[in-house]
There are 2 protein chains.
Amino acid sequence: MLGTSFIGYSRGASVGPFSSAINPATQEAMEPPYASPTAQEVETAVQLAAKAFPVYRNLPAATRATFLRTIASEIEAVADAIAARGCAETGLPEARLRGETGRTVGQLRLFASMLDEGSWVDARIEHAQPERTPIPKVDIRSMLRPLGPVVVFCASNFPLAYSVAGGDSASALAVGCPVIVKAHSSHPGTSEIVAQAVIKAAQQCGMPEGVFSVLYGSGVTVGGALVKHPAIKAVGFTGSHKGGRALMDLAAARPEPIPVYAEMSSINPVVMMPEVLAQKAVTLADGFFQSLTLGVGQFCTNPGLLLLPSGSEADFIAALQEKIATAATGTMLNAGICKAYQEATAATAAHPGVTTIASAQAAAAGQATPTVFLCSAETFLSSSALCDEMFGPASLIITGTMEQFLTIAEALEGQLTASVHGTEGDFATAGPLLEILERKAGRLIFNGFPTGVEVCHSMVHGGPYPSTSDGRSTSVGTMAAFRFTRPVAWQNTPDALLPDELKENNPLGIPRLVDGKHC
Amino acid sequence: MLGTSFIGYSRGASVGPFSSAINPATQEAMEPPYASPTAQEVETAVQLAAKAFPVYRNLPAATRATFLRTIASEIEAVADAIAARGCAETGLPEARLRGETGRTVGQLRLFASMLDEGSWVDARIEHAQPERTPIPKVDIRSMLRPLGPVVVFCASNFPLAYSVAGGDSASALAVGCPVIVKAHSSHPGTSEIVAQAVIKAAQQCGMPEGVFSVLYGSGVTVGGALVKHPAIKAVGFTGSHKGGRALMDLAAARPEPIPVYAEMSSINPVVMMPEVLAQKAVTLADGFFQSLTLGVGQFCTNPGLLLLPSGSEADFIAALQEKIATAATGTMLNAGICKAYQEATAATAAHPGVTTIASAQAAAAGQATPTVFLCSAETFLSSSALCDEMFGPASLIITGTMEQFLTIAEALEGQLTASVHGTEGDFATAGPLLEILERKAGRLIFNGFPTGVEVCHSMVHGGPYPSTSDGRSTSVGTMAAFRFTRPVAWQNTPDALLPDELKENNPLGIPRLVDGKHC
C-alpha cells in the first residue's frame, strides 16, 4: 500500500500533510500514512476526468457494462484483503465486511444489467408529420445523457457499498460520467485496495485515463476544491447533515450551480398501532431491538423514533428493556462518531421530561451503549431538539394517542423511511397517518423495520430534506442512475448521426416510447 | 374584470399598491388597475394550497385529467376575449394570440392524455422472495408522487403558453401539485381572463379550494414571499437570467432548499457548414431571417449567434442584408424589454471589432429594429460580453474556420438549442463539433432553425446553466411533469393500502416495470 492518491492512472506524490487510519478498537494509528494530494494533483485529476468524459460517455453501453462487471470481479479477487483491512479500520465484524463486499459487487452488476436492458435512457421518438397543418411536425428524439465528471464523497459507515466503488460511483460510471472519489479518512486503506481494483479494471477494459481517480486529504480543502471546480457537474455524498448542507451551499453558490445528492440524516419514525402491539408485543420488541442495534446502530435507516399508543406499551417496553439490559456494546466506526453519539445521548438523557428507560452496560472507550429513552407526546412536540438524529444504537419512544401521533407526524422533517406496524384492523383506521407519512418519507414500510435497504429497481433510499439534499432522487437501486443524467433531444437528425438508442431500426432492441406508445 | 388576485375561490381586496398594464403600441395605461395582494392574502393562498395538496394529490389520475380538459374547454370558450385583451397588452398580433391559445389548450390536453396513459409515474414492482438466502427479499413498489404546492412565475413573452395556464401550471397540476401563479405585470388582464377560466373549471370539477390561485403584485415582494414560504415545494419560472438566478439563490438559501426550474437565457448558436452554405446560401438566409424576426425576436430560442465558414459567407450575407433592409420593425412586449434590447444592440454595435452589417429602418418608440452584427472568431473569443443574449431580433455572425468553431463551441455557456446545417458531406466531418454541441445544449437541430418548439413527449426545452437553472429538466413537453415529482417506495404493503398504480392486479392497466421486466 502506497498511501497516495490515484490521479488517473498515476499515483500522487507522497508529500504531506499526512493522516493515518486509526483502528477504533485499539485507537492505534495504522500504516501507511496517507498523503493529501497537492492542489496541482487535484487539478490534474479534474482535467483528466474532463478529458475522459467525451470519450467515456460515447462508449457503447455494453462496454460500460463490461467495465462495471470487471470492477466487480477485481473487487471479489481482493475480498480477503478488504475484509482484513476493513475490519481493522472500521471496527465492523468480518461478516459485515464480506457481506458489504457482496452487496457492492452485486450493485455493480445490477447497474451493468440495467445498461444491458437499456430502458433506463428513456428513449423517446416522435416521427415527423410533414403534412400536418397549420405547422408541419418535425422529427424529435430524446434520451438521457450523462452530466459530466462527478465527485463522490465516501461514507464512514459503508466502507464499500457507499465508498470508492459503491452505489454513487457505480451509478455515475454506469451512465457515462467519470468519477473522482474523495476517500473517507476513516478507512483509507480499504479505499486504496478497492481503488487498485477499479484502476486495474479500467486499464484492462481500455477505459480513457481519468475515468476514475481517488483522492485522499481533507474534506474541506480537497473536497471543497473539487465541488467548486467548473469542470465538475454533480456531487454524491453520504454523511452528516452539517457536511451535506455545506456542500449544497458551496454548489449553489457556484457561478454554474450543480446538483448535490447528499444522503444526510433521518430518525426513521416507527409507529406501532394498538391492536398489533397488544397481540405481538414481545415479537415486536425483539424486531425493534435487532434493527436498533444492527451494525452498532450506525445506519442512516436506524429507527431513532418509536411511537407507542399509551396504555398498550407496557409489555413491549418490558421486553425491550430486558433485551437492552444484556445487549453487547459495540465498537463505533471512529472516535468522532463515538463522541457525537455520547454527546447526543447525554443531551437527550438530560432533556426535561425524558427518561432513560433502558441502557446496556457501560461501554469501553470507542464503544456505544445501546440506549432507549421515553417521553410523552407533549414533551416531544414542545422541543425540536428531540427530533435530532442520535447516530448510533439509541432511540426515543413517545407514548401518546393516535391523534397526537398525527400531530407528531405532521411536525416531522423529511425522513428516509417511515414504518407502521398494524393488523388489518389497525390499518383500517390508519389512512390519515399514512397520508402524512407518505409526504414525509421516501419509503413506507409495513410491519417491518427500516434497516436493510434492498438494492433493486424499485428502491427509494431518499426522502424530503433534510434526510437528503434532494428528495427527487434515490441513492440506492437503479433509479440512482437518473441523478447523473439530463435529457437531450435531437431534431430532424440523419440516422447515422443519432445515438444507437435513437436510431430508427432500434439496433439495440431497447424499449422506447414511439409516437406516444411503448414498444 | 376586477383587477384583484384569485385567492383560492375568493378574490383579493382591491387595496393598493396598484399597477396597470401598458399597451406597448400606444404606451397608454389600460383599465382596470391591478391590486397587489396583501401579505395576509399571500399567506391565505399558500395555506389553501397546502390544505388542498393532500386532497388533490390523492384524486384519481382520471379526475385530474378531466380537470385539465375542462380548463382547456373553458379557455377555448373565452378565446375571443383573450385575443382582444392579449393583443392590446402584448403588442403581439391576433394570429399569434389565437395560435398560442391553441397551443395552451393542446398542452393541457396532452398532459391529460399522459395521465390517461399512465406510464409517466414509472411504476416499479419487485416481488418478495421470502426464500432468498442469505436475506429474504421484501416486496418493494415505487412510483412518482407530487412534490407539493408549486409557484409558477408567468413569462412576459408567452402570455398564454407559459403563463397562468401554461406549461408549468399544466405539468404541476397534472402530477397532483396545487399551483400558485404569480401573474406577469405586462399582461394582467389576459391573466385574469385565463384565471377565471381555470377557477371555473376547478369549481365545476369539484376540485379542493386552493388547488389554484393567481396573485398580482411585485415579483420581488409577492414572488419572493412565495418562494421563501415553507409550504412551497418547487418553483417554475420563465424570464431573464438575473430574475431566475435571484430565485435560485433565494430557494437555495431556505432552511429547506427547494428546486427552481427557471428557463432563462440562450443565444442558440447556429452553424452552417461549408458545402451547404455554398449550395443554398439564399434559402438559408431566408430561413435564418424568418427565425430571427419571428415574434419580433422575442423567443428564448431566437438564433442569436451564427457561425459561417470564412470564404463561403458572401452570398448568405448579401441575401440576409437584403431581407433585413426591408424588414418591418415590430412592437416589443413592454418598455423594459424594448429598452434592454436597445441597450444590448448598442453595446454590441460599439464593441471593438464588431460591424453592424444589416439593420432595418429606424424603429418608432417601443419597437425593435432587426439588426445583424459581424465579427471574427478572434474577436468573439476575446470577449465574453459578446456571448450575452440580446433579447429581440438581433444576431451576431462570426466568420472563421471550422477549427475555430470548435474552440467557440467549447467556450459557449449552456444553451437551449444548437443548430447545424450541412450536407451529407458536411456531416461526415462534423463529429467533433456535434460532440461539443451535445454537451452544451438541450436540443440539437439539423438543417433547421431553433424557433418553434414542438409540444410532445420527446421535446427537451432545457439545457445546461445558464440557459436554464437545471439542465436535468425540460419546461416543454410531457417530460416537464417530472420536475414536480419525487419517487416514493412502499415496502410489504397490503394491497388495499397501495396506490392503484401499484396494486398487484394493475387495475389501471398501465405499463410497469415488474421484477426488472416491462409489462
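In which sense do strand β10 (residues 179-182) of chain B and β11(B) pair, and over how many bridges? In this predicted model, the two strands pair in the parallel sense, and four bridges link them. One of the bridge partnerships joins V179(B) to F212(B) in β11(B).

Strand β11 of chain B, which spans residues 212-215, is covered on both faces. F212(B) and V214(B) lie on one side, S213(B) and L215(B) lie on the other, and all four are buried. As a general rule, the side chains of a regular strand alternate between the two faces of the sheet.

**Two helices of chain B**

Helix α4 (residues 94-117) of chain B and helix α5 (residues 167-175) of chain B have axes that come within 9 Å and cross at roughly 20°. Because angles under 35 degrees count as roughly parallel, α4(B) is roughly parallel to α5(B). The crossing of α4(B) past α5(B) is right-handed. On the α4(B) side, the residues that meet α5(B) are Q107(B), L108(B), F111(B), M114(B) and L115(B). Their counterparts in α5(B) are G167(B), A170(B), S171(B) and A174(B). Sorted by class, this contact of α4(B) with α5(B) has six nonpolar residues, three polar residues and no charged ones.

**A sheet with strands from both chains**

Twelve strands form an open sheet with mixed pairing, in the order β25(A)-β24(A)-β7(A)-β8(A)-β23(A)-β22(B)-β21(B)-β14(B)-β15(B)-β20(B)-β19(B)-β17(B). At the edges stand β25 (517-518) of chain A and β17 (355-359) of chain B; each has a single partner strand, so one side of each is left without a neighbour in the sheet.

Strands of chain A also pair with strands of chain B, as the table shows for two pairs.

| Strand of chain A | Strand of chain B | Sense | Bridges | A bridge partnership |
|---|---|---|---|---|
| β23(A) | β22(B) | parallel | three bridges | Q491(A) with I445(B) |
| β22(A) | β23(B) | parallel | three bridges | R443(A) with A489(B) |

**The contact between the chains**

In total, 51 residues of chain A are in contact with 51 residues of chain B. On the side of chain A that touches chain B, at least two residues each come from β7 (124-126), β8 (140-146), α8 (241-252), α15 (431-440), β22 (441-446) and β23 of chain A. The largest share of that side, six residues, is supplied by β23(A). By class, the side of chain A that touches chain B has 26 nonpolar, 14 polar and eleven charged residues.

Note on methods: Residues numbered from 1 in each chain as written. Chains lettered and ligands numbered in written order. Predicted model: local features only at pLDDT ≥ 70, side-chain atom pairs only at ≥ 80, totals over all residues. Axes fitted to C-alpha atoms, helices over the stretch in contact; angles between N-to-C directions. Parallel < 35°, antiparallel > 145°, perpendicular 65-115°, else oblique. Left-handed = near helix turned anticlockwise from the far one by under 90°. Contact = placed C-beta atoms within 7 Å. Nonpolar A, V, L, I, M, F, W, Y, C, P; charged D, E, K, R; others polar. Buried ≥ 20, exposed ≤ 12 C-beta atoms within 10 Å, placed from the backbone. Pairing = 2+ DSSP bridges.
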